[in-house]
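Please examine the sequence and the coordinates together. The paragraphs that follow proceed from the metal site to the chain as a whole, and then to a pair of loops.

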Amino acid sequence: MSERIEGTVLKRKGSTLQVAIPGGVLECGLSGKLRHDRQLAIAPAVVGDRVEVTQGEGGTGVIEKVLPRKSRLSRPDTQDPKRESVIVANADLLLIIQAVAAPEFDAHIVDRSLVMARIGGLEAAIVVNKWDLSNPPEIERTVEVYGALGYRTLKTSARTGEGLPALRDLLAGRTTVLFGPSGVGKSSLLNAVDPAIHLKVGELSEKTQEGKHTTTWAELMPLPGGGHVIDTPGIEVFGLWGIEVEDLVECFPEFVERIGTCRFNDCYHDAEPGCRIRDAVGSGIDPGRYQSYLKILRGLRKGRR
Ligand code: GDP
Ligand code: ZN
């Protein structure tokens, strides 16, 4: 039996996975055992996974084993929503990217993404791009709300360079997932941070519009200053995976200190009388954050019925 080498999955191309090993990259398939396990998981190995491979002829290899994951970003599979579809494994940071305008800033997507990071065991930070277009005070305030909750926030412009040194620092030395709607400037920001990356601006969004989800895959890219970034093309709207209705409240740090103070022990903090969390909306809890909570909660409860 040939020797096993440890590597990292960089990218998926159809049924082939590119795996970085010391000194090179192998085009890999899955071992028979892992293909069998596919009945349990949609994709046994995903971008970011640490794997053990055996090397074959001409730059090929076989993934024999997937090592335990330290974090994951998952959603329900689009074809079979009862099954987990892991998008990215082992990333350290979810970088939630929005724009001041074009497309319109969407705080609900930020809140949903924060929940996703929390469930998956990733840190989260928020980037709002395109500050060269305008300076809307309501978005300034929203950014301050996230800052006060303890999330790292950055205001950037890929056009003027505002905030780019801070973004470079944030990305250095760790694995970051760039996450946000198409058009917010993910490719532009990456190119500005590292001109060697050469992501075509507008490329990610064009692909999405054509609906070619099968040809757009996340990809792990090394940064020259150390660290990696993973883009997530084609992931626009997403369901949450791996969360119980009862645990949602834990994903909202400003709610946590109030858990257990409501009149009813089994309060969902929705329409129940004597809810201390709802009482605090407007004084300690931001109304937009509470609306996001309700929207996610009601979606989860509907899914349960
Ligand atoms: P992606 O889909 O998130 O990767 O977004 P792109 O990087 O492709 O950018 C989408 C569009 O927004 C392009 O036309 C960019 O030139 C533009 N854009 C990106 N960043 C900025 C910015 O900071 N300011 C302005 N005004 N436009 C930007
Ligand atoms: Zn309550």
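C275 has a relative accessibility of 0%, and because residues under 20% count as buried, C275 is assigned to that class. In this predicted model, C267 is likewise buried, as is C275. Both cysteines serve as ligands of a metal: the zinc ion (ligand 2) is coordinated by the SG atoms of C262, C267 and C275 together with ND1 of H269, at 2.1 to 2.4 Å. Along the chain, these donors follow the spacing C-x4-C-x1-H-x5-C.

What is the geometry around the zinc ion (ligand 2)? The angles subtended by the 4 donor atoms run from 101 to 115°. Four donors count as tetrahedral if all angles lie between 85 and 135 degrees, and the arrangement around this zinc ion is therefore tetrahedral.

The cysteines also raise the matter of covalent links. A disulfide is a covalent bond between the sulfur atoms of two cysteines. How many disulfides does a search of the whole structure find? The search finds 0 disulfides. C251 is accordingly in no disulfide, and the nearest cysteine sulfur, belonging to C262, is 17 Å away; a pair would have to lie within 2.5 Å to qualify. With a relative accessible area of 6%, C251 is buried.

The wider setting of these residues is the protein chain. Its secondary structure consists of 9 helices and 13 strands. Along the principal axes, the C-alpha atoms fill a box of roughly 65 × 45 × 35 Å. For 305 residues, a compact globule would be expected to have a radius of gyration near 19 Å, and the value of 21 Å for the protein chain agrees with this. Of the 305 residues, 47% are buried. Among contacts with a separation of 6 or more, 64% join residues 24 or more positions apart. The protein chain exposes about 15000 Å², of which carbon and sulfur atoms supply 50%.

Attention now turns to the backbone. Most residues other than glycine have a negative phi, and most peptide bonds are trans. The loop between β8 and α2 holds A102 and P103, and the peptide bond from A102 to P103 is cis, with omega near 5°. A102 also has a positive phi of about 50°, although it is not a glycine. Is A102 buried or exposed? Its relative accessible area is 51%, so A102 counts as exposed, the threshold for that class being over 50%.

A101 is found in the loop between β8 (93–99) and α2 (107–120). At 25% relative accessibility, A101 is partly exposed. Which residues does A101 touch, leaving aside those up to four places away in sequence? They are K130 and L133. The C-alpha atoms of A101 and D132 are separated by 10.0 Å, with the two residues 31 apart along the chain.

K130, one of the residues that A101 touches, has its place in the loop between β9 (123–129) and α3 (137–148). The contact from A101 to K130 thus joins the loop between β8 and α2 to the loop between β9 and α3. K130 has a positive phi of about 70° and is not a glycine. Its relative accessible area of 19% makes K130 buried, since the limit for that class is under 20%.

Terms used:
Residues are numbered from 1 along each chain as its sequence is written. Chains are lettered from A and ligands numbered from 1 in the order in which they are written. This is a predicted model: local features need pLDDT of at least 70, side-chain atom pairs count only at pLDDT 80 or more; totals for chains, interfaces and linings use all residues. Side-chain values use heavy atoms; hydrogens and water are left out. Donors are N, O and S atoms within 2.8 Å of the metal (3.2 Å for Na, K and Ca); water is not among the atoms, so sites may look incomplete. Four donors count as tetrahedral if all angles lie between 85 and 135 degrees; four count as square planar and six as octahedral if opposite donors are over 155 degrees apart and all others between 65 and 115; anything else is irregular. Buried means under 20% relative accessible area, exposed over 50%, partly exposed in between (1.4 Å probe, protein chains only). Helices (H or I, at least four residues) and strands (E, at least two) are DSSP runs, numbered from the N terminus. The radius of gyration is taken over C-alpha atoms; the globule rule is 2.2 Å times the number of residues to the power 0.38. Contact means heavy atoms within 4.5 Å. Accessible areas come from the Shrake-Rupley method with a 1.4 Å probe; for residues, only the protein chains shown count as cover.
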